[in-house]
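Dear colleague,

Please find below the structure for your records. The findings follow directly after it.

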There are 2 protein chains.
Amino acid sequence: MLISQSALRAFTENIFLAMGCSAEHAALAADVLLQADLRGIDSHGVARLIGYVRLWESKRINTSPNITIVHQTPTTATIDGDAGLGLIVAPFAMRLAIEKAEQYGSGWVSVRNSNHFGIAGYHALMAVEKNMIGFAMTNASPLVAPTYSSERLLGTNPMCYAFPAGKYPPVVVDMATSAAANGKLEIAQRAGKPVPEGWIQDAEGNYTTDPHALKSGGSLLPLGGDKEHGSHKGFGLSATVDILSAVLSGANYGPWVPPFVSFLKPPADPVGLGIGHFVGAMRVDGFRPVDEFKTHMDNWVNRFKSAQTVLPDQKVIIPGEPELEAKAHRKVNGIPLVDAVVDDLNGLAEKFGLKKL
Amino acid sequence: MLISQSALRAFTENIFLAMGCSAEHAALAADVLLQADLRGIDSHGVARLIGYVRLWESKRINTSPNITIVHQTPTTATIDGDAGLGLIVAPFAMRLAIEKAEQYGSGWVSVRNSNHFGIAGYHALMAVEKNMIGFAMTNASPLVAPTYSSERLLGTNPMCYAFPAGKYPPVVVDMATSAAANGKLEIAQRAGKPVPEGWIQDAEGNYTTDPHALKSGGSLLPLGGDKEHGSHKGFGLSATVDILSAVLSGANYGPWVPPFVSFLKPPADPVGLGIGHFVGAMRVDGFRPVDEFKTHMDNWVNRFKSAQTVLPDQKVIIPGEPELEAKAHRKVNGIPLVDAVVDDLNGLAEKFGLKKL
């Protein structure tokens, strides 16, 4: 099914309103999800909506949170999301980081007691609009085994760095710190196809290409795959995300991060509150004039785009480029939804007495 | 040859003095190199000394630099290293970042017109000593091909994040953003052994296991190795390092970064000055009380150390742990130097009329 972004946005907003979100929060939460769908990151768009509803039904998401600043200095802060939607809490954190950056050059906010925040790129790009460099990361429920471990101890823990450019669009590095994100595994599961070696291991820690191994106690692998190919680096990056997002804020970390699915109970012995994020903003003109920076960003992008490639029909892909291409296309042609997602969304419409898609 | 750290330190300091460094700079530069050798990162220790001397002889390193702050806000700054040793310039930048963090919670310094800065971990750990989180990264001369490129456009561009802990030593994530660092390739070259697939490609961009391929126009590959295994993520991380270190500071970036070896000329059309670094410091107590943070860091480390492993004799290695084990051992037993390095160092001693090792 193809649906226009405006229709899908209105539908999504209505679901959030029905969950008890304020008008402002419903519009913001819908925007975060819609930007994922527009940018082609289907795993983080409206497909997630049913999961949020279920967590709300089991009282693990609070749709009228009182988000508070727990602690701060001129350029740092910790906020408590009051179990709100990460889609709301993370933009709150980023606005605070941007305010601090406006005044002092940079701003850094660690977040506890939050939930899934959608795509990291959304939050980092809030800074880019202000001619700042944006940072956003979050920890996530444990699916990834560190190098040598047979236990899942880390989430796919994405990190995002976003940089404004001049005539070119922003450069947005937005990546899970695992070899492959869970979304790619789900695609292989649906297609019944094996996954490449280096993505997952089974419950005993043997490398496998069976995309279903994760369901029977297996783990995703850190970026790098195995030690020989640098999986300790992927582990180190994931650890960095976990520490900045949760050890620093007072959220749960490592295996204590609560699951994103309502049918799995959170650990009985939490070490903090909810999940954690870390966001930051640095003013470009805290370092050099914005126009100079943008001129050199354009030169950087241009040089990489014109690189000699291995095959004649290839080109070097600038980080963030595929998402913008998807957005340009989907804005005009609509957003494709797979049947399972349409069914889920229509089920939600029915639950809340709303018009189906 | 095994040599005590004090003897090697004195020798190294004397070489820097002979190059015209001040006593303070010579001691600092020697300390940065010695910490690499102590920590088992032989590729970044005194083995580099001959390269620095050659660059100094060809007037590309200035041993009496006038390091200046070009631009600053309360929490950000750009400094010009005046073509000084990175071993001197990066600690200057980190001291400035720490001062800013002491006053405002965080400090971020981008650096242009510098040279090779040794191990990133040295600089990041300066912040950890002050109960801060330390960040350090640098761009480097181009050896790495982005995904799909047959050209070398990026350096091994390391990034380091360092976190204080309580009873455990600091967690230090210090990693090249390529699949393998050049040092590992050199080991394979010396041993005449093939390297794993996913480390390098030849001049045409074909994957190869020949460790000598780099010398005939080949490239190192980004962390991830190939697209299927996430090399676009390694490319994105490397791009982040390049932009923060050089586009932000006004240093050279991408293929314009000057080579670290004196026999290769710098590009004739530079886009900036020297190479670039980016360092930062954030006060832990800008987010939560230091003792709380350290208690949770210890819990984090402890949980990962006690993870169930794939094989019974394995354990999960905490980032920074192997380096500390090496340091504990080498402090007592001395630092092993391979013959080629001893010959190089004795050649330098002869050149400067100093006592040989």
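The notes below cover the contact between the chains, their symmetry and one helix.

Please bear in mind that this is a predicted model.

The contact between the chains draws 70 residues from chain A and 70 residues from chain B. On the side of chain A that touches chain B, the elements giving two or more residues include strand 3 (76-80), strand 4 (106-114), helix 7 (231-247) and helix 8 (290-305) of chain A. Helix 7 of chain A provides the largest share of that side, with eight residues. Sorted by class, the side of chain A that touches chain B holds 34 nonpolar, 29 polar and seven charged residues.

As regards symmetry, a turn of 180° and a shift of 0.0 Å along the axis lay chain A on chain B with an RMSD of 0.0 Å. The two copies are therefore related as by a two-fold rotation axis. Within chain A, Gly224(A) has the C-alpha nearest the axis, 2.4 Å from it. Both copies use the same surface, since 100% of the contact residues of chain A recur in chain B.

Finally, I would draw your attention to helix 5 (residues 120-128) of chain B. Nine of its nine residues are buried, so helix 5 of chain B is largely enclosed by the rest of the structure. Among these buried residues are Tyr122(B), His123(B), Leu125(B) and Met126(B). The buried residues of helix 5 of chain B pack against several elements of chain B, including helix 2 (23-38), helix 4 (86-104) and strand 5 (132-138).

Yours sincerely

Technical notes
Residues numbered from 1 in each chain as written. Chains lettered and ligands numbered in written order. Predicted model: local features only at pLDDT ≥ 70, side-chain atom pairs only at ≥ 80, totals over all residues. Contact = placed C-beta atoms within 7 Å. Helix = DSSP H or I, 4+ residues; strand = E, 2+ residues; numbered from the N terminus. Nonpolar A, V, L, I, M, F, W, Y, C, P; charged D, E, K, R; others polar. Least-squares fit on C-alpha atoms with pLDDT ≥ 70 in both. Buried ≥ 20, exposed ≤ 12 C-beta atoms within 10 Å, placed from the backbone.
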